[in-house]
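Colleague: Could you take me through this model and show me how to read its features one after another?

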Amino acid sequence: MDILRLQKEAQKKIEECRSLSDLGQLHTVYLGKNGEINTLLQNIKNLSLEEKKTAGKQINELKQSLTLLLSDKKISLTEKQSNDTKIDVTLPGKQFPRGTVHPITIAISEISAIFEKIGFIRMSYPEVDYEYFAFEALNMPATHAARDDFETTFLSTPENKKFGRMVLTPHTSNGQVREMLRVKNPPIRMINIGKCYRPNWDPTHTPMFHQFEGLCVDKDITIAHLKGTLDYFVKEYFGADTKIRLRPHHFQFTEPSFEVDITCTACKGTAVVNGNKCKICKSGWLELGGTGMTHPNVLRAGKIDPNIYSGWAFGFGIERVIMMKYGIDDIRNYYSGDLRFLQLF
Ligand code: FA5
């Protein structure tokens, strides 16, 4: 029996052991019921009395030393394992960036709510539409010079015999005649919000932008209703002290036509800020957008008799009203993806 050899071998294996499960196996091999130590003890009976004495002592010492080695190793492996997987519960949690609703989306829901309160219904009409609805039906024949006012993007899809080519709508007015044809019999009170496209890119123009278009058609509708509705809108959206004015203008689809101005949100219509000329408006007024009484030809295109019904419409830019409300000086901020800007809302 080479007890010394066994001791050396066991010691080496325990030292080199790298996992608790391997250590468990070593325990079985040396100290288990059928392990090396018990085998040694069983074989002791074959020795002489003298040999029995020394061997018994040596085997017991070996057993004690292996028990100690195994338990020390178990402690160190357990410690190592818990260090490897240790969680520091005092560390701050991972902060995931918080998103915000885009200012255009916020404005769309605010504007919809303002008009829905006075009985307007929210509609959406095609962003890609026929020339007919974007121009002809709006009293803008193909040959008309006013058509050049909108630098329009035409699609290379086949031309429709009745409705012409397809365009990326340059304004939401394409919804006017579509809404008349849908409703058939007035009254109509529509708010149409959608994307529009014109090839511009400067501090106040983007190639894609949003408009909201109001349309009201009924018997005995006058400019007074138009002014009252616009006055209600600007007071709700910009603040109770905001005033409007209508300036004569020209649109093919309205007669008479106007540009709507509102009192400047910075100087409140005084044109003066801290004794200096207001840098935002210079005049006390800011331009909101176009409006007017619906042209009889447009009512006819919508199969509505202009001798019985009258109406009005307006079309304003969403990016523009937000800029006016908050004094934003560059429209391109909306689409720059700069979170510092977007998180202001
Ligand atoms: C129109 O688009 C008319 N359809 C409005 C209208 C509707 C008049 C109904 C009468 C009756 P205008 O081209 O002025 O009008 O555009 C209206 C508004 O859209 C502008 O005041 C501006 O705020 C916004 N807008 C126009 N082009 C751009 C652009 N490229 N980028 C951002 N906003 C724009």
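Modeller: What follows goes through the sheet, the helices on it, the ring pairs, the enclosed and open spaces, and the backbone exceptions, and throughout we are reading a predicted model.

Colleague: Let us begin with the sheet: how many strands form it, and in what order do they stand?

Modeller: As a general idea, strands of a sheet pair through backbone hydrogen bonds, either parallel or antiparallel. Here seven strands form an open sheet, and reading across it gives the order β1-β5-β6-β12-β11-β8-β7, with mixed pairing. The edges are taken by β1 (121-123) and β7 (244-251), each of which has a single partner strand, so one side of each is left without a neighbour in the sheet. From one strand to the next, the twist averages 25°.

Colleague: In which sense do β5 and β6 pair, and over how many bridges?

Modeller: Strand β5, residues 188-197, pairs with strand β6, residues 208-218, in the antiparallel sense, and the pairing extends over 10 bridges. To find one rung of that ladder in the viewer, select M190, whose bridge partner in β6 is L215.

Colleague: Which helices pack on the sheet, and which strands do they touch?

Modeller: One of them is helix α7 (residues 174-183), which touches β1, β5, β6, β11 (285-294) and β12 (310-317), and whose direction makes about 140° with that of β5. Another is helix α10 (residues 318-326), which touches β5, β6, β8 (254-263), β11 and β12, its direction making about 100° with that of β6.

Colleague: At the β7 edge, what do β7 and β8 form, and how many residues lie between them?

Modeller: They form a hairpin with two residues between the strands, and the pairing is antiparallel over seven bridges. Within this pairing, R247 stands opposite E259 in β8.

Colleague: How many aromatic pairs does a search of the whole structure find?

Modeller: The search finds 22 aromatic pairs. Take F115 and F212 as a case: their ring centres are 6.5 Å apart and their planes stand at 55°, so the pair is tilted. Since F115 lies in helix α5 (residues 103-116) and F212 in strand β6, the pair ties together parts that are 97 residues apart in sequence.

Colleague: Turning to enclosed space, how many cavities of 30 Å³ or more are found?

Modeller: A cavity is a space where a 1.4 Å probe fits but cannot get out, and the search of the whole structure finds two of 30 Å³ or more. The largest has a volume of about 50 Å³, and its lining includes Y125, H171, N192 and K195. Strand β5 gives the largest share of that lining, four residues, and by class the lining residues are three nonpolar, seven polar and two charged. The second largest cavity also has a volume of about 50 Å³; it is lined by F238, D241, T242, T263, C264, T265 and K268, which divide into two nonpolar, three polar and two charged residues.

Colleague: And the open spaces: what volume does the largest pocket have, and which residues lie nearest its centre?

Modeller: The largest pocket has a volume of about 800 Å³, and of the 38 residues in its lining, R198, Q211, G289, G290 and G315 lie nearest the centre. The elements that give two or more residues to this lining are β6, β7, β8, β11, β12 and α10. By class, the lining has 13 nonpolar, 18 polar and seven charged residues.

Colleague: What lines the second largest pocket?

Modeller: It is lined by 13 residues, of which I280, M323, G327, I328 and D329 are the closest to its centre, and the space in this pocket comes to about 220 Å³. Helix α10 gives the largest share of the lining, five residues, and the classes are seven nonpolar, three polar and three charged.

Colleague: Finally, which peptide bonds are cis, and which residue has a positive phi?

Modeller: Most residues other than glycine have a negative phi, and most peptide bonds are trans. In this model, a cis peptide bond joins P186 and P187, with omega about 15°, and P187 is found in the loop between α7 and β5. The bond from E255 to P256 is cis as well, with omega near -5°, and P256 lies in strand β8. As for phi, N139 has a positive value near 70° although it is a residue other than glycine, and its place is in the loop between α6 (131-134) and β3 (153-154).

Key. Residues numbered from 1 in each chain as written. Predicted model: local features only at pLDDT ≥ 70, side-chain atom pairs only at ≥ 80, totals over all residues. Heavy atoms only, no water. Pairing = 2+ DSSP bridges. Axes fitted to C-alpha atoms, helices over the stretch in contact; angles between N-to-C directions. Contact = heavy atoms within 4.5 Å. 1 Å grid on protein atoms, 1.4 Å probe; cavity = no way out; pocket = protein on both sides within 12 Å on 5 of 7 lines; lining within 4 Å. Points joined across faces, edges and corners; volume = space filled by probe spheres on them. Nonpolar A, V, L, I, M, F, W, Y, C, P; charged D, E, K, R; others polar. Phe/Tyr/Trp six-rings, centres within 6.5 Å; stacked < 30°, edge-to-face > 60°.
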